[in-house]
Amino acid sequence: ARTLEMLEHLGVVDGFLAAGIRAHGVRVMDIDGNTLLHNSLDGLPTHYSYVVGIGQDETERLLTEELTKHGVAVDRGITLTALAQTPDAVTATLTHAD
């Protein structure tokens, strides 16, 4: 729920809600079909009283699309190889795959 609230604050929650599957609780059953545990999220004090199941690939796609709309490029295949910090600056050394 808190993640969805943060995505709402950023103005991007709608894509996640459309792409994901909502689960309002969990039920654990034994092999005979007897309920061992039932936990409902419906009573949470939030607009998002459920869990949204969404894959990492879809999450990355949605976030990358949103960043692109704002002129931010996402680089992949880059490794942080060194990091130095002074009171006035931080210097990061990156190695690209090529």
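Accessible areas here come from the Shrake-Rupley method with a 1.4 Å probe. With that settled, I looked up the surface of this predicted model. I noted about 7,600 Å² of accessible surface for the protein, and 55% of that surface belongs to carbon and sulfur atoms.

**Entry: overall form**

I went to the secondary structure next and listed 3 helices and 6 strands. Reading from the N terminus, I wrote down the order α-α-β-β-β-β-α-β-β. For the extent I looked up the radius of gyration, which is 20 Å for the protein, whereas a compact globule of 98 residues would have one near 13 Å. Along the principal axes, the C-alpha atoms fill a box of roughly 60 × 30 × 30 Å. I then checked burial: 14% of the 98 residues are buried. Of the contacts with a separation of 6 or more, 39% are between residues 24 or more positions apart.

**Entry: charge**

I looked up the charged side chains and found 6 positive and 14 negative ones. The centres of the two sets lie 5 Å apart.

**Entry: Phe-16**

I located Phe-16 in helix H2, which covers residues 13-19. Is Phe-16 buried or exposed? Its relative accessibility is 5%, so I entered Phe-16 as buried; the cut-off for buried is under 20%. Leaving aside neighbours within four places in sequence, I listed Leu-7, Val-52, Ile-54, Thr-59, Leu-62 and Leu-63 as the contacts of Phe-16. I also looked up the distance to Leu-41, 25 residues apart from Phe-16 along the chain, and noted 18 Å between the C-alpha atoms.

**Entry: Thr-59 and Glu-60**

From Phe-16 I followed the contact to Thr-59, which sits in helix H3, residues 56-69. Why does Thr-59 count as buried? Thr-59 has a relative accessible area of 18%, and buried means under 20%. Apart from residues up to four places away in sequence, Thr-59 touches Phe-16 and Ile-54. Ile-54 is also among the contacts of Phe-16.

I looked at Glu-60 as well, which is found in helix H3. The relative accessible area of Glu-60 is 32%, and I entered Glu-60 as partly exposed. I then asked how far Glu-60 is from Asp-42, the two being 18 residues apart along the chain. The separation of their C-alpha atoms is 28 Å.

**Entry: Gly-25**

I placed Gly-25 in strand S2, which runs over residues 25-29. At 37% relative accessibility, Gly-25 went down as partly exposed. Which residues does Gly-25 contact, leaving aside its neighbours within four places in sequence? I found Asn-39, Ser-40 and Leu-41. I also looked up Tyr-50, 25 residues apart from Gly-25 along the chain, and noted 6.9 Å between the C-alpha atoms.

**Entry: Ser-49**

I found Ser-49 in the loop between strand S3 (35-40) and strand S4 (51-53). With a relative accessible area of 12%, Ser-49 is buried. Not counting residues up to four places away in sequence, Ser-49 touches His-24, Leu-41, Asp-42 and Leu-44. Leu-41 appears again here, having already been listed as a contact of Gly-25.

**Entry: the tyrosines**

I searched for aromatic pairs and found 1 in the structure. The pair is made by Tyr-48 and Tyr-50, with 6.2 Å from centre to centre and 85 degrees between the planes. I recorded the pair as edge-to-face. The cut-off I needed for that entry is planes over 60 degrees apart. I also looked up the accessibility of the two residues and noted that Tyr-48 and Tyr-50 are both buried.

Note on methods:
Residues numbered from 1 in each chain as written. Predicted model: local features only at pLDDT ≥ 70, side-chain atom pairs only at ≥ 80, totals over all residues. Heavy atoms only, no water. Helix = DSSP H or I, 4+ residues; strand = E, 2+ residues; numbered from the N terminus. Rg over C-alpha atoms; globule rule 2.2 N^0.38 Å. Buried < 20%, exposed > 50% of the residue type's maximum accessible area, 1.4 Å probe, protein only. Contact = heavy atoms within 4.5 Å. Lys, Arg positive; Asp, Glu negative; His and termini not counted. Charge placed at Lys NZ, Arg CZ, Asp CG, Glu CD. Phe/Tyr/Trp six-rings, centres within 6.5 Å; stacked < 30°, edge-to-face > 60°.
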